[in-house]
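User: Hi! I would like to learn how to read a model like this one, feature by feature. Could you walk me through it?

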Amino acid sequence: MVKRIVALVILVPLAIVLVMLSVANRTAVTLALNPFQPQDQVLSVTAPFFVFLFAALMFGMIIGSLATWFKQGKHRKRARKEASEAVKWHTEADRQKAKAKEIASALPAPDSRDAA
């Protein structure tokens, strides 16, 4: 419940700001991809300015996410290695417990007269 409230407190104002940004920047602009001939229509895109802003935002988020994912790769690799090692040691412990029970069952039962 708290998680949902926090999400609403963050997402609703963010949505309002994005809508205001879209409305304020709806003028059509041309992005020329040919620096030597900007009037060339083949390598230019005309769209509302907010489209370019959102595209740049999305591109930046994707690049940042990929950079973070690659940077944390060594930690994920170590976690996988330690998890497989933990499974190996748990299996070994279970095997040793079974072996101990087998040995304990093979021993003769303690005699109550000898113990006292």
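Analyst: Happy to. Keep in mind that this is a predicted model. Let us begin with a single residue, Asn-34, which sits in the loop between strand 1 (28-32) and strand 2 (44-48).

User: Is Asn-34 buried or exposed?

Analyst: The general idea is to compare the relative accessible area with a cut-off, and buried means under 20%. Asn-34 has a relative accessible area of 15%, so Asn-34 is buried.

User: With which residues is Asn-34 in contact, leaving aside neighbours within four places in sequence?

Analyst: Those partners are Asp-40 and Leu-43. There is also a C-alpha distance to look at: Asn-34 and Ser-44 are ten residues apart along the chain, and their C-alpha atoms are separated by 7.4 Å.

User: Now the whole chain, please. Which elements does the chain have, from the N terminus on?

Analyst: The order is α-β-β-α-α-α, which comes to four helices and two strands.

User: How do I read the overall dimensions?

Analyst: Set the radius of gyration against that of a globule. For 116 residues, a compact globule would come out near 13 Å, whereas this chain has 33 Å. Along the principal axes, the C-alpha atoms fill a box of roughly 105 × 40 × 15 Å. Burial can be read alongside: 4% of the 116 residues are buried. Among contacts with a separation of 6 or more, 26% join residues 24 or more positions apart.

User: And how are two packed helices described?

Analyst: By two quantities, the angle between their axes and the distance between the axes. Take helix 1 (residues 2-24) and helix 2 (residues 49-71): their axes come within 7 Å and cross at roughly 140°. That angle makes helix 1 oblique to helix 2. The crossing is right-handed.

User: Which residues of helix 1 and helix 2 meet?

Analyst: From helix 1 there are Leu-18, Leu-21 and Ser-22, and they meet Phe-50, Leu-53 and Phe-54 of helix 2. By type, this contact has five nonpolar residues, one polar and no charged.

User: At what angle do helix 2 and helix 3 cross?

Analyst: The axes of helix 2 and helix 3 (residues 73-106) cross at roughly 45° and come within 4 Å. These two helices are therefore oblique to each other. Trp-69, Phe-70 and Lys-71 of helix 2 make the contact with Gly-73, Lys-74, His-75 and Arg-76 of helix 3. Here the residues divide into two nonpolar, two polar and three charged.

Note on methods:
Residues are numbered from 1 along each chain as its sequence is written. This is a predicted model: local features need pLDDT of at least 70, side-chain atom pairs count only at pLDDT 80 or more; totals for chains, interfaces and linings use all residues. Side-chain values use heavy atoms; hydrogens and water are left out. Axes are lines fitted to C-alpha atoms, for helices over the stretch in contact, and angles run from 0 to 180 degrees between N-to-C directions. Angles under 35 degrees count as roughly parallel, over 145 as roughly antiparallel, 65 to 115 as roughly perpendicular and the rest as oblique. A crossing is left-handed if the near helix is turned anticlockwise from the far one by less than a right angle, and right-handed if clockwise. Contact means heavy atoms within 4.5 Å. Ala, Val, Leu, Ile, Met, Phe, Trp, Tyr, Cys and Pro count as nonpolar, Asp, Glu, Lys and Arg as charged, and the others, Gly among them, as polar. The radius of gyration is taken over C-alpha atoms; the globule rule is 2.2 Å times the number of residues to the power 0.38. Buried means under 20% relative accessible area, exposed over 50%, partly exposed in between (1.4 Å probe, protein chains only).
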